[in-house]
Amino acid sequence: MNFLEERIVKDGIITEGNVLKVDSFLNHQMDIELFDQIGAEFKRRFEGKPINKILTIEASGIGIACVAAQHFKVPVVFAKKTQSINLEGEMYVAEVESFTHRCKNQVIVSQKFLSEEDHVLIIDDFLANGCALQGLIQIVQAAGATVEGIGIVIEKGFQAGGSIIRNLGYQLESLAIVDAMDEKTGTFVFREQK
Ligand code: G4P
Ligand code: NA
Ligand code: NA
């Protein structure tokens, strides 16, 4: 097991409906030393890629992206999920369907902060069905920028997102891939990775 898988086993809680709660270190309280290890591991996995910007989505992606960005020395842009009065000018907007919440959401980025010059690493905390991630990819494409890779902290390997994104040809690196989890016994099956 890698450092993240060990932490999931130690502090992750499996709840009803195959939901993995990682509130104590990732999604609510944040373990910044762990975030730093995550950032270093993304840096290692995307070594040699000409990444000049990290793109993530509010809310849970932001903290991880910011700590990772210190390893890449690049700015972070986070996509917003709602129009706000603080958003001025032209925007890229992608419509995404939330599987969990059964509703449509928007993913919004100002055109000021993404252009064809950009080589983007997309970062997020979870990959489940990958709807939000596909919205982010659409936005990078709309900007004429390049997706250099996608870094995910926890992928739920038993949901469709990972294979959809890999089939599109992207370098998708998930630091832990949970292929199965059992609510009754509290046990996890992680996918073997190099
Ligand atoms: P997806 O298609 O983008 O994969 O999202 P899905 O609708 O399946 O999931 C909706 C939200 O729930 C996403 O966060 C996703 O990261 C999160 N999620 C999915 N499965 C799990 C899980 O097992 N555990 C936890 N902790 N989160 C999960 P979001 O709505 O974008 O929320 P946030 O980033 O604002 O927190
Ligand atoms: Na998220
Ligand atoms: Na989340």
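A polar contact is taken here as a pair of N or O atoms within 3.5 Å. In the predicted model described here, an oxygen atom of ligand 1 meets this criterion with a polar backbone atom of alanine 128, at 3.2 Å. A further oxygen contact of ligand 1, at 2.9 Å, involves a polar backbone atom of glycine 130. A nitrogen atom of the ligand also takes part, lying 2.7 Å from a polar backbone atom of leucine 20. Of the 710 Å² that ligand 1 exposes when taken alone, the protein buries 79%. Two or more residues of the surrounding shell are contributed by each of strand E2 (19–21), strand E7 (119–127) and helix H5. In total, 19 residues surround ligand 1, and the closest are Leu20, Ser60, Lys81, Asn129 and Lys156.

The metal sites were examined next. The sodium ion designated ligand 2 has Asp124 (OD) and Asp125 (OD) as its protein donors, at 2.4 to 2.9 Å. A separation of 3.5 Å is found between this ion and the sodium ion designated ligand 3, and aspartate 125 coordinates both. With a relative accessible area of 9%, aspartate 124 falls under the 20% limit and is therefore classed as buried. Aspartate 125 is likewise buried, its relative accessible area being 8%.

Helix H5, one of the elements that supply the shell of ligand 1, comprises residues 131–142. Its twelve residues reach 17 Å from the first C-alpha to the last, close to the 16 Å expected at 1.5 Å a residue. The buried positions of H5 are Leu133, Gly135, Leu136, Ile137, Ile139 and Val140. Just after this helix, glycine 144 adopts a positive phi of about 75°.

Positive phi values also occur in residues other than glycine. Asparagine 18, for which phi is about 60°, belongs to the loop between strand E1 (13–15) and E2. The relative accessibility of asparagine 18 is 34%, so this residue counts as partly exposed. Lysine 73 has a phi near 55° and is located in the loop between H4 and strand E4 (76–79). Lysine 73 is exposed, with a relative accessible area of 74%.

A cis peptide bond, with omega about 0°, links glutamate 58 to alanine 59. Alanine 59 is part of the loop between E3 and helix H4 (60–72). The loop between helix H3 (32–45) and strand E3 (53–57) contains glycine 48, which is exposed at a relative accessible area of 73%. Between glycine 48 and asparagine 27 the separation is 21 residues in sequence and 30 Å in space, C-alpha to C-alpha.

Aromatic packing was considered last. A pair of aromatic rings is described by the distance of the centres and the angle of the planes. Pairing requires ring centres within 6.5 Å, and planes under 30 degrees apart count as stacked. By this rule, the count comes to one aromatic pair. The pair consists of phenylalanine 188 and phenylalanine 190, whose ring centres are 5.8 Å apart and whose planes meet at 10°, so the arrangement is stacked. Phenylalanine 188 is buried, at 14% relative accessible area, and phenylalanine 190 also counts as buried, at 16%.

Notes
Residues numbered from 1 in each chain as written. Chains lettered and ligands numbered in written order. Predicted model: local features only at pLDDT ≥ 70, side-chain atom pairs only at ≥ 80, totals over all residues. Heavy atoms only, no water. Phe/Tyr/Trp six-rings, centres within 6.5 Å; stacked < 30°, edge-to-face > 60°. Buried < 20%, exposed > 50% of the residue type's maximum accessible area, 1.4 Å probe, protein only. Helix = DSSP H or I, 4+ residues; strand = E, 2+ residues; numbered from the N terminus. Expected span 1.5 Å × (residues − 1). Donors = N, O, S within 2.8 Å, 3.2 Å for Na, K, Ca; no water. Near = heavy atom within 4 Å. Polar contact = N/O pair within 3.5 Å; in protein donor to acceptor, adjacent residues only side chain to side chain. Areas by Shrake-Rupley, 256 points an atom, 1.4 Å probe, with all protein chains shown as cover.
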